Amino acid sequence: MQSLDSLTEKLSYLEPGQADQIVRAYYYAEKAHEGQTRRSGDPYITHPLAVCKILADMHMDSQSLMAALLHDVIEDTPITKKTLAEEFDEVTAELVDGVTKIGAIKFESRAEQQAENFRKMVLAMTEDIRVILVKLADRLHNMRTLGILHPQKRRRIATETLEIYSPIANRLGMNDFRMELEDLCFANLYPMRSSRIKKALKLAKGSRKDVITQIQEAITNRLEREGIQAHVIGREKHLFSIYEKMRTQRKPFDQIMDVYGFRIVVESVDNCYRALGAVHNLYKPIPGRFKDYVAIPKTNGYQSLHTILKGMRGIPIEIQIRTDEMEAMANNGIAAHWLYKSDDPATGAQNRAKQWLKGLLEMQQRAGNSLEFIENVKIDLFPDEVYVFTPKGNILELPNGATPVDFAYAVHTDVGKSCVAARIDHRLVPLSTPILSGQTIRIITAPGASPNPAWLSFVTTAKARSNIRHFLKNQRRSESVALGQRLLEKALATLDLTLDAIDPESLKRTIEESGFTEFDDLLEDIGLGTLMAQIAARRLQPKQTDETPEDQDDSSPLVLRGTEGMVINFAKCCRPIPGDSVIGRLSAGRGMVVHRDDCNNIAAETKSNPEKCVSVQWATEVSGEYPVELRVNIENERGVLAMLASILSQADANIENISLDEKDAHLSVVTLQIAVRDRVHLASTIRKIRKAKSVTKITRTRN
């Protein structure tokens, strides 16, 4: 059982006064939790004491240790944050409150609860990074004592830990925490697999012992000969990493264990590179398998030289070379700041962590809800990186598979918004091109440019994804509001009313009855087709004119200008273009879908749901290009496709797609998808195609 003595033994690194404060916090927490027990039957105080000891091993400051002892006091006892601040200090009370808030609210769905808890954790972390360190220690002890719970609950907690807490520990460079959390999750999620790999690993250790000792001695002797003081240790693989490699690489256990790992810890950065030269002289390095994380640290502050060598009898040997300080950073990450006090706390891991948290806060503000936020963050939780250069020679770290759009947003949000093209190593490339380490990226921007919805299909960073979604959401709202206003004005016109003539009280009442707080929200709902404009118009109608003749009709249809944006879509079944006789159909959540009035789909809809159909017509001047599908019967001759392409180019009609289907030995059918400005432009294009000698028939397709 945990005891206070076992904690006080670990507090020798603190000032005597600080150690006394921690002892006082222990007795305070013990009294507050008096009578409370854990599921195992142990007094509840054993849990906060264990959490405190985990942090004491990391040489955390006294306020973190007091917060660890008191972290459940606000949640599980009548004691308040204000009382804690008076008893101890404001900072400790804030830390306890930050940890408490993470699990305070109940939600309808488990996913929503997990997402909202994580969002609150991020907010608490941005106030003080120590909140997450206390929370990680709390989760680690809970995982260590998970065995008492029902298997289903164990699996749920283990899944959450593996998806959220373990990647955060990884992202903050806390490798020891990550490995233990992953192994504990593995044991609870897949007990049989974990047990089998554990047994196999134990057997493998025995058979590998002689080889490991031999390689270790050879490396140590070579380094001594070169005058390099170093500590050489065999690197153990943890269970979950073995399982993941077996699963993802589809390799048996024996092949995973074929690789022998060693860590060389030296005194200085200079000796890191000297040691690298020494081991490369001892064993042959495998080309392309060297990585320098000393010159270019990983995002979480990790630094080390990685190389893979071919040892005796062709045995692959993985070597990691680092200094004592880098070793502390690799194992404890951001917590290494407290373990090995640095002169400037704002450098290294702390600075990187703050930058990451700042990015998370920005994403949280832009996300529509907690579930969208957590989806973005999961993408961003420490993927493999590529290192690329800006035109000025600065290095940027991006996840594997990142594109120029991700790079643009990493440089600055405004650069991402106005990005139109990119050059990789001076060569113009599509914006969807995956970028590789060592490349130089130059982004070409244009004033007035805006994010494209298609970018969401290839961007990989959470920052790019959340910013694009935020822009599109705002753009869609403004377009929906504008369309909603036009639809409402049209519906009011049928009642001989205008928006300006509506009584403010009637407007306010209608907004409230519809469940909104602002008029723009009501208009957005109308624009998206969720609320019928006619219903809203009748609600706004003064009581004395409530009776309206049923045969009253609006003589002025809604005018399509072609600039309405995402809330007006053109049906793919009949592909209407300016000049066609058209009709609009309101579709909930999508806005309006415009069909040709002779389209079979809209004919059925007009009969079944006439209230959803809106009379529309094209404006005199319409902007943009519109897709049309043509079917051309053509005689089989050499170069017919080239001939058609030439005609369409002369007609100033862009080809979007072209396909050829042979009907028989003499005749083929070419299906063309082209973009035209209007019906006149289409007629001109058809006339030019018809003049070609080999064309026997041309028709515009419809459903």
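**Figure 1. The surface and make-up of the whole chain.** In this predicted model, the chain exposes about 35,300 Å², and carbon and sulfur atoms supply 48% of that area. Of the 703 residues in the chain, 48% are buried. If you trace the secondary structure from end to end, you will meet 28 helices and 20 strands. Looking at contacts with a separation of 6 or more, 68% come from residues 24 or more positions apart.

**Figure 2. A close-up of helix α2 and its neighbours.** Helix α2 covers residues 16-32, which makes 17 residues. From its first C-alpha to its last, α2 reaches 25 Å, close to the 24 Å expected at 1.5 Å a residue. Which residues of α2 are buried? They are A19, I22, A25, Y26, Y28, A29 and A32. An α-helix has 3.6 residues a turn, so residues three or four places apart point the same way. Keep that in mind as you look for the buried residues of α2, which pack against α1 (4-8), α3 (46-57), α4 (62-70), α5 (73-76) and α6 (81-87).

**Figure 3. Two nonpolar cores.** In soluble globular proteins, nonpolar side chains tend to be buried together. The largest nonpolar core here has 60 residues, and L7, I22, L65, L70, L84 and F177 touch the most other members. Helix α9 (residues 130-144) gives the most to this core, with eight residues. Let's zoom in on L84: leaving aside residues up to four places away in sequence, L84 touches Y28, L70, I74, I79, D89, A93 and V96. Apart from the largest core lies another one, of 53 residues, including F516, M532, I577 and V616.

**Figure 4. An open sheet of five strands with a helix packed on it.** Follow the strands across the sheet and you will find the order β12-β16-β14-β15-β13, with mixed pairing. The edge strands, each pairing on one side only, are β12 (558-560) and β13 (568-570). On average, neighbouring strands of this sheet are turned by 40 degrees against each other, direction ignored. Strands β12 and β16 (residues 613-618) run parallel and are joined by three bridges. Here you can spot L560 standing opposite W618 in β16. Helix α22 (residues 462-493) packs on the sheet, where it touches β12, β13, β14 (582-587), β15 (591-596) and β16. The direction of α22 makes about 145 degrees with that of β12.

**Figure 5. Two loop residues with a positive phi.** Most residues other than glycine have a negative phi. R250 is not a glycine, yet its phi is positive, near 50 degrees. You will find R250 in the loop between α13 (239-249) and α14 (253-256). Is R250 buried or exposed? R250 is exposed, because its relative accessible area is 76%, over the 50% cut-off. H426 also has a positive phi, of about 70 degrees, although H426 is not a glycine. This residue sits in the loop between β9 (419-424) and β10 (427-429). H426 counts as exposed too, because its relative accessibility is 72%.

**Figure 6. A buried residue in a loop.** T390 lies in the loop between β7 (385-389) and β8 (395-399). Why does T390 count as buried? Its relative accessible area is 14%, and buried means under 20%, so T390 falls in the buried group. Not counting residues up to four places away in sequence, T390 touches L396, F407, T440 and I441.

Technical notes
Residues numbered from 1 in each chain as written. Predicted model: local features only at pLDDT ≥ 70, side-chain atom pairs only at ≥ 80, totals over all residues. Heavy atoms only, no water. Pairing = 2+ DSSP bridges. Helix = DSSP H or I, 4+ residues; strand = E, 2+ residues; numbered from the N terminus. Axes fitted to C-alpha atoms, helices over the stretch in contact; angles between N-to-C directions. Contact = heavy atoms within 4.5 Å. Buried < 20%, exposed > 50% of the residue type's maximum accessible area, 1.4 Å probe, protein only. Areas by Shrake-Rupley, 256 points an atom, 1.4 Å probe, with all protein chains shown as cover. Core = buried A, V, L, I, M, F, W, Y, C linked by side-chain atoms within 4.5 Å. Expected span 1.5 Å × (residues − 1).
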